[in-house]
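Biologist: Please give me a close look at a single part of this model, and then follow what surrounds it as far as you reasonably can.

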Amino acid sequence: MESNMGQSPIKAATQIIEQRHRGCDAALLAGSVVRGEATSTSDLDLVLFYPDISASYRESFQANGWPVECFVHSWTSYKEFFKLDCERGQPSMPRMVAEGVVIKNHDKLVSIKEEADLLLDKGPLRWSKETIEQKRYFLTDTLDDFIGCSDRGESIFIANTLAQLSSEFHLRVHGQWSGSSKWMMRALKSFDPSFAARLMDSFTLFYEKGEKEKVIDLVDDLLRPYGGRFFDGFSIGKQ
């Protein structure tokens with residue numbers, strides 16, 4: 001874990017804790033620097049536990065040659081974030097805790113790390129039949145917009161939404177964690193490399209040449225096992 005800024009992530013994190021968060025009970029260093037995936041713009045992700053803060057918070061700053069993001073919690077507040085992440089299917093907080101390197105230790109970290117590991121292994125809450133129907137509808141609606149759109153700029157934004165919705169659908173109907181931004185592609189590559197490659201090739205062809213057919217085929221193939229495109233008969237919120 002060497003920094004291209006001259007100071008190692010662990011050394012920098014240790015000094016930051018001493019300088020800015022000496023009163024915390026425990027601290028973890030997480031993120032790309034501990035996974036060996038750091039880039040020239042990577043930051044230090046610090047998860048901190050305090051005994052008596054009134055509310056969790058997040059703060060960003062520059063220190064010791066690094067951009068730093070701190071996620072500050074009490075010994076109980078993190079549980080709500082674990083719960084919310086599981087509900088939305090994107091395990092940001094459990095992943096940070098599970099993979100985090102201990103910078104400042106505390107006995108309670110052992111059980112919290114075990115809790116995070118169990119949640120990651122268990123996977124997200126499974127989508128209900130009703131949720132799948134809703135997701136089918138919104139995928140269909142976005143696909144129809146994509147097919148009918150003749151404006152290049154609008155089509156690009158629709159395609160971005162379609163890529164996100166398609167990826168989420170494929171992962172969640174199979175009980176897998178999803179993600180946002182780079183984490184969506186990482187989740188796809190981990191679970192189904194062939195689908196990830198097909199999605200990337202299909203959307204690259206559209207972005208580079210404006211060809212929509214492979215994107216349309218991909219979404220149709222995705223929806224087919226669950227009844228295909230869905231518009232007629234959809235209802236939500238009706239009493």
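Modeller: Two strands are taken to pair if DSSP finds at least two bridges between them; strands (E, at least two residues) and helices (H or I, at least four) are DSSP runs, numbered from the N terminus. The model is predicted, so local features need pLDDT of at least 70 and side-chain atom pairs count only at pLDDT 80 or more, whereas totals for chains, interfaces and linings use all residues. Residues are numbered from 1 along each chain as its sequence is written, and side-chain values use heavy atoms, with hydrogens and water left out.

The part I would look at is the sheet, with strand S2 as the guide. The sheet is open and has 5 strands in the order S3-S4-S2-S1-S5, with mixed pairing. Its edge strands are S3 (57-63) and S5 (101-104), each of which pairs on one side only. From one strand to the next the twist averages 25° (axes are lines fitted to C-alpha atoms, for helices over the stretch in contact, and angles run from 0 to 180 degrees between N-to-C directions). Helix H1 (residues 9-20) packs on this sheet, where it touches S1 (26-30), S2 (44-50), S3, S4 and S5, contact meaning heavy atoms within 4.5 Å; the direction of H1 makes about 40° with that of S2.

Within the sheet, S2 runs parallel to S4, to which 7 bridges join it, while with S1 it pairs in the antiparallel sense over 5 bridges. Val 47 of S2 illustrates both pairings, since it is the bridge partner of Leu 28 and its own partner in S4 is Phe 71. Because 7 of the 7 residues of S2 are buried (under 20% relative accessible area, with over 50% called exposed and values in between partly exposed, using a 1.4 Å probe and protein chains only), this strand is largely enclosed by the rest of the structure. Leu 44, Leu 46, Leu 48 and Tyr 50 point one way from S2, Asp 45, Val 47 and Phe 49 point the other way, and all are buried.

Moving on from S2 through S4 (residues 66-74), one reaches S3, joined to S4 by 7 bridges in an antiparallel arrangement, with Ser 60 having Glu 69 as its bridge partner in S4. The loop between S3 and S4 contains Asn 64, whose phi is near 55°, a positive value in a residue other than glycine. Most residues other than glycine have a negative phi. Asn 64 counts as partly exposed because its relative accessibility is 23%.

Beyond the sheet, Ser 181 has a positive phi of about 55° although it is not a glycine; it lies in the loop between H7 and H8 and, at 65% relative accessibility, counts as exposed. Helices H7 (residues 152-172) and H8 (residues 182-191) pack at an angle of about 40° with their axes 10 Å apart, and are therefore oblique to each other (under 35 degrees would be roughly parallel, over 145 roughly antiparallel, 65 to 115 roughly perpendicular, and the rest is oblique). In this packing, Gln 164, Ser 167, Glu 168, His 170 and Leu 171 of H7 meet Met 184, Ala 187, Leu 188 and Phe 191 of H8.
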